[in-house]
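Me: I'd like to learn how to read a structure like a structural biologist would. Could we go through one together, feature by feature?

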Amino acid sequence: MDQTPGFIAAVEEAKLGYAEGGVPIGAALVSKDGQILGRGHNMRVQKGSPVLHAEMSALENSGRLPASAYEGATMYTTLSPCDMCTGACLLYKVNRVVIGENKNFLGGEELLKSRGKEVIVVDNQECKDLMEKFMKEKPELWNEDIAV
């Protein structure tokens, strides 16, 4: 498992989301100097929100920052980011996206790469197991989350 503070925070957030009855995806935004700017988890179920995916939650929890704070930042996420979250990473000029796993869902990784962003897939078993468990237990929530 990736032992960086950002990745550890993202996994903790995913577990928290699962414990709350939500979609177990976590994220953490880390500055270029290694400071966690914000962390969060998917809150669609808990807040009845159509847009509070984990990456969006981490950005929101970062608060209002100057554009320079995002430059060189890394978004750690437990699952490959959807198109919306990929777009947010591009909009805020996040430099690198570290992904826990992309077997249960493959998001906008190619778009990120095509725009010059570094994409690292950790292929973390804990992330895969948590998503697989959730998808079996609550397929209707998962399908709603990915707009199926």
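Me: Let me start inside. Which helices each supply at least two residues of the lining of the largest cavity?

Reply: Happy to help, and keep in mind that this is a predicted model. To read a cavity, ask who lines it and what kind of residues they are. Here H3 and helix H8 (139–145) each supply at least two lining residues. The lining has 14 residues, and Ile25, His53, Ser80, Cys82 and Asp145 lie nearest the centre of the cavity. By class, 9 are nonpolar, 3 polar and 2 charged. The volume of this cavity is about 90 Å³, and the count of cavities of 30 Å³ or more comes to 1.

Me: Helix H3 came up there. Which of its residues are buried?

Reply: For a helix, look for the residues turned away from solvent, then for what they pack against. In H3 (residues 54–62), the buried ones are Ala54, Glu55, Ser57, Ala58, Leu59 and Ser62. Their packing partners are strands E1 (26–30), E2 (36–41) and E3 (74–77), along with helices H4 (67–70) and H5 (83–91). After H3 comes Gly63, with a positive phi near 80°.

Me: What about a single residue in H5: why does Thr86 count as buried?

Reply: Compare its relative accessibility with the cut-off. Buried means under 20%, and Thr86 counts as buried because its value is 1%. Leaving aside residues up to four places away in sequence, Thr86 touches Pro81, Gly108, Leu111 and Leu112.

Me: Now strands. In which sense does E3 pair with E1, parallel or antiparallel?

Reply: With strands, go neighbour by neighbour and find matching residues. E1 and E3 pair in the antiparallel sense over 4 bridges, and Val30 has Thr74 in E3 as its bridge partner. E3 and E4 pair in the parallel sense, also over 4 bridges. There, Thr77 stands opposite Ile99 in E4. The chain gets from E3 to E4 through H5, in a right-handed β-α-β crossover.

Me: Which residues of E3 are buried on its two sides?

Reply: Check each face of a strand separately. In E3, Thr74 and Tyr76 are buried on one side, and Met75 and Thr77 are buried on the other, so both faces are covered.

Me: And through which helix does the chain cross from E4 to E5?

Reply: Begin with the pairing, then trace the connection. Strands E4 (residues 96–99) and E5 (residues 118–121) pair in the parallel sense over 4 bridges, with Val119 in E5 as the bridge partner of Val97. The chain crosses between them through helix H6 (residues 109–114), and this β-α-β crossover is right-handed.

Methods: Residues are numbered from 1 along each chain as its sequence is written. This is a predicted model: local features need pLDDT of at least 70, side-chain atom pairs count only at pLDDT 80 or more; totals for chains, interfaces and linings use all residues. Side-chain values use heavy atoms; hydrogens and water are left out. Buried means under 20% relative accessible area, exposed over 50%, partly exposed in between (1.4 Å probe, protein chains only). Contact means heavy atoms within 4.5 Å. Two strands pair if DSSP finds at least two bridges between them. A crossover is right-handed if, with the strands pointing away from the viewer, the path from the first strand over the helix to the second runs clockwise. On a 1 Å grid over the protein atoms alone, a cavity is a set of points where a 1.4 Å probe fits but cannot get out, and a pocket is an open set with protein on both sides within 12 Å along at least five of seven lines; lining residues have an atom within 4 Å of a point. Grid points are joined across faces, edges and corners, and a volume is the space filled by probe spheres set on the points. Ala, Val, Leu, Ile, Met, Phe, Trp, Tyr, Cys and Pro count as nonpolar, Asp, Glu, Lys and Arg as charged, and the others, Gly among them, as polar.
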